[in-house]
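Visitor: I have this one open on my screen. Please walk me through it, and start with the basic words.

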Amino acid sequence: MAKPKIDDSVSLFPFLDIMASLIGILVLLITAATLAQIGKTVEDAADAEAAKKAQNRIVQYRAVRKRLTTETREQQQLRELVEQAEAARQQLEQLQAEVARLEAQQKVAQEQREKLPPLEAELKRLQERIEQAEPKLEDLQQQLAELRSLLANRKESGQSEIQILPSGSGYDLTPTFVECAASAVVLYDRPEPLRIPVGQLAASGAFASLLETVKQQPKGTLVFLVRPDGASTYQTARNIARRQYVTNGKLAVAGHGKIDLSMFQGRTE
């Protein structure tokens, strides 16, 4: 049997294959590095652009904020000016109202000053009339007093006299008569009767003297002649007499005629 023939030739295919692979790997590494470098450059450029934009935005923001701050101050000043203008307007309105009021008062005062001379003339005329009327008034008052006196005399003369007669258990007493009318008492212890207003009776010296005279008489008694309208006067006079311990009595008188005491002429003091 024949021996196989041994091929002593050398094959370069594996070496070339390894070289091709190595070259491919190197190409890939170079490509990756190049791409990485390119990406980094792009990123740096993008970051620089973004930073620049951010810086611009910061500058714009600061400018806007400064402008807004300036506008806010200007608005505050504007509001203060508006408030001051409103206060000035109100003060002006108040002053205008005060001026109108003063003008109205001045107008009224002027009208009153214009009316004053006629009023003074009228006052002077009235004073002259009063001065002229005063003598006439005195004459009229005197005439009125005379008429009243005449009327009283006519009333007394128109009525019959009222005669007081002695009677009763006091016939032996010594009477002193006092008339009690509506507003006065009349003392008959003297030639001319004395009229005393009831308001002055307590302080009257004449009435006190009469009470003392009656009190000193052993049989003296005070007789009150009470008119129809003299009850209150009688009570006042009687109370004064009682305080002086003066014996007294009363006698009702009917009507307002003149009192006649002629029946006691010899018995009265």
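Guide: Helices (H or I, at least four residues) and strands (E, at least two) are DSSP runs, numbered from the N terminus. This is a predicted model: local features need pLDDT of at least 70, side-chain atom pairs need 80 or more, and totals for chains, interfaces and linings use all residues. Residues count from 1 along each chain as its sequence is written, and side-chain values use heavy atoms, without hydrogens or water.

Visitor: OK. Which helix holds Leu 29?

Guide: Helix 1, which spans residues 13–158.

Visitor: Is Leu 29 buried or exposed?

Guide: Leu 29 is exposed, because its relative accessibility is 52%. The cut-offs: buried is under 20% relative accessible area, exposed is over 50%, and partly exposed lies in between (1.4 Å probe, protein chains only).

Visitor: New topic, the sheet. What is the strand order?

Guide: The order is 4-3-2-5-6, in an open sheet of five strands with mixed pairing. Two strands pair when DSSP finds at least two bridges between them.

Visitor: Which strands stand at the edges?

Guide: Strand 4 (194–197) and strand 6 (248–252). Each has a single partner strand, so one side of each has no neighbour in the sheet.

Visitor: And how does strand 2 pair with strand 3?

Guide: Strand 2 (residues 174–180) and strand 3 (residues 184–187) run antiparallel, joined by three bridges. A hairpin of three residues links strand 2 to strand 3. In this pair, Glu 179 of strand 2 faces Val 186 of strand 3.

Visitor: What packs on the sheet there?

Guide: Helix 2 (residues 205–216) does. Helix 2 touches strand 2, strand 3, strand 4 and strand 5 (220–226), where contact means heavy atoms within 4.5 Å. Helix 3 (residues 231–243) lies across strand 2, strand 3, strand 5 and strand 6.

Visitor: Back to strand 2. In what sense does strand 2 pair with strand 5?

Guide: In the parallel sense, over seven bridges. Val 178 stands opposite Phe 224 of strand 5.

Visitor: How many residues of strand 2 are buried?

Guide: Seven of its seven. Side chains in a regular strand alternate between the two faces of the sheet. In strand 2, Thr 174, Thr 176, Val 178 and Cys 180 are buried on one side. Pro 175, Phe 177 and Glu 179 are buried on the other.

Visitor: Which residue forms a salt bridge with Glu 179?

Guide: Arg 227, with the closest N and O atoms 2.7 Å apart. Glu 179 is in strand 2 and Arg 227 is in the loop between strand 5 and helix 3, so the pair ties together parts 48 residues apart in sequence. A salt bridge puts a side-chain nitrogen of Lys or Arg within 4 Å of a carboxyl oxygen of Asp or Glu.

Visitor: Why does Glu 179 count as buried?

Guide: Because its relative accessibility is 8%. Arg 227 is buried too, with a relative accessible area of 8%.

Visitor: How many salt bridges does the count come to?

Guide: Six. One of them joins Glu 98 and Arg 101, with the closest N and O atoms 2.2 Å apart. Glu 98 and Arg 101 are three residues apart in helix 1, so about one helical turn separates them. Glu 98 is partly exposed at 34% relative accessible area, and Arg 101 is partly exposed at 38%.

Visitor: What about Asp 189 and Arg 190?

Guide: Their side chains meet in a salt bridge, 2.8 Å from N to O. Asp 189 is partly exposed at 24% relative accessibility, and Arg 190 is partly exposed at 32%.

Visitor: Which residues are joined into one network?

Guide: Glu 86, Arg 89 and Glu 93, through salt bridges that share partners.

Conventions
Axes fitted to C-alpha atoms, helices over the stretch in contact; angles between N-to-C directions.
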